[in-house]
Amino acid sequence: GPRIIKHGTIACDTVETTPLVWRGRLYRFEYVRPGDRHNTTGDSYLHLVDVATGQPTPPFGRGYHLASAYSTGERVFVYAPPIWGASTLRVFWSDDLVHWDDAPALDQPGWGIYNQAVCRDPQGYLMAIELGEPADLVGERFTMFFARSTNLRDWTVLSPEHVYAREFYTACPAMRWIDGWYYMIYLHCEPPGFNPYLVRSRDLVHWEASPFNPIMHY
């Protein structure tokens, strides 16, 4: 297989990030946690970093957490809950990475929403949503549920059989749709730590695990 050479760390303490291309340039979207050594604001915030120059965009979404991003090429959409384990998810969008509009994206009373990820598919857009609560719905936390949208702003949750996986820890998704398959990389708990696993599905109900899991070791 391909050889991966680790050259170092881009930013210590920076955890939830999303790579994306906006207007032909590669960016790294970052959720900056309150305890990040580079964060002197006293609160969490969101921004993007131009990978070539290292220049960050002005911060937005102060007080939001565990965010992810999706780019259409011209517009960037960002999703984040207001607290860890919120029942709501907010969407921010911008055409210039400076001025941001925002609106509710999901409101699911009783849910505990954490990380999420968005990809495009033939029906529009799909979001994987990491849930920690409620226990009777989630099973072994954390568990992935799914939602659909046609405009990246309004989302409808799929029925509870569209899930992965109630039997074990399933966190921090990355989603792609390729040639009729949904591929998801998620964080699998393997004491004493965590490793990325790869699974795929055609219908988001029945899943097939890669025989090469874990695909990387921490």
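**Entry 1: starting with one residue**

Is aspartate 13 buried, partly exposed or exposed? I looked it up: aspartate 13 is partly exposed, because its relative accessible area is 36%. The cut-offs I used are under 20% relative accessible area for buried, over 50% for exposed, and partly exposed in between, with a 1.4 Å probe and protein chains only. Aspartate 13 sits in the segment before β1. Its phi is near 75°, which is a positive value in a residue other than glycine.

A note to self on the source: this is a predicted model, where local features need pLDDT of at least 70, side-chain atom pairs count only at pLDDT 80 or more, and totals for chains, interfaces and linings use all residues. Residues are numbered from 1 along each chain as its sequence is written, and side-chain values use heavy atoms, with hydrogens and water left out.

**Entry 2: the whole chain**

I found one helix and 16 strands in the protein chain. These are DSSP runs numbered from the N terminus: helices are H or I with at least four residues, strands are E with at least two.

The C-alpha trace spans about 40 × 40 × 35 Å along its principal axes. The radius of gyration of the protein chain is 17 Å, which agrees with the value near 17 Å for a compact globule of 218 residues. That radius is taken over C-alpha atoms, and the globule rule is 2.2 Å times the number of residues to the power 0.38.

Buried residues make up 48% of the 218. I also checked contacts (heavy atoms within 4.5 Å). Among those between residues at least 6 apart in sequence, 39% join residues at least 24 apart.

**Entry 3: the open sheet**

Next I traced an open sheet of four strands, in the order β13-β14-β15-β16, with antiparallel pairing. Its edge strands are β13 and β16, each pairing on one side only. Two strands pair if DSSP finds at least two bridges between them.

How many bridges join β14 to β15? I read off nine, between residues 181-190 and residues 193-201, and the two strands run antiparallel. Histidine 188 stands opposite asparagine 195 in β15, and glutamate 190 stands opposite glycine 193. The hairpin from β14 to β15 goes through two residues.

β15 also pairs with β16 (residues 208-209), antiparallel again, over two bridges. There, valine 199 stands opposite alanine 209. The hairpin of β15 and β16 has six residues between the strands, and in it leucine 204 takes a positive phi near 65°.

**Entry 4: around β6**

Why do I call β6 largely enclosed by the rest of the structure? Five of the seven residues of this strand (residues 88-94) are buried, so the description fits.

β6 has antiparallel partners. Five bridges join β5 (residues 76-80) to β6, and valine 76 has serine 94 as its bridge partner in β6. Six bridges join β6 to β7 (residues 101-107), where threonine 88 has aspartate 107 as its bridge partner.

The hairpin of β6 and β7 has six residues between the strands. Leucine 97 lies in that loop, and its phi near 65° is positive in a residue other than glycine. Leucine 97 is buried, because its relative accessible area is 2%.

**Entry 5: two cis bonds and a loop residue**

I went looking for cis peptide bonds. One joins glutamate 133 and proline 134, with omega about 0°; proline 134 is in the loop between β9 (124-133) and α1 (135-138). Another joins arginine 141 and phenylalanine 142, with omega about 5°; phenylalanine 142 is in the loop between α1 and β10 (143-149).

Threonine 53 lies in the loop between β3 (45-50) and β4. Threonine 53 counts as exposed, because its relative accessibility is 53%. Its C-alpha atom and that of tyrosine 27 are separated by 9.8 Å, and the two residues are 26 apart along the chain.
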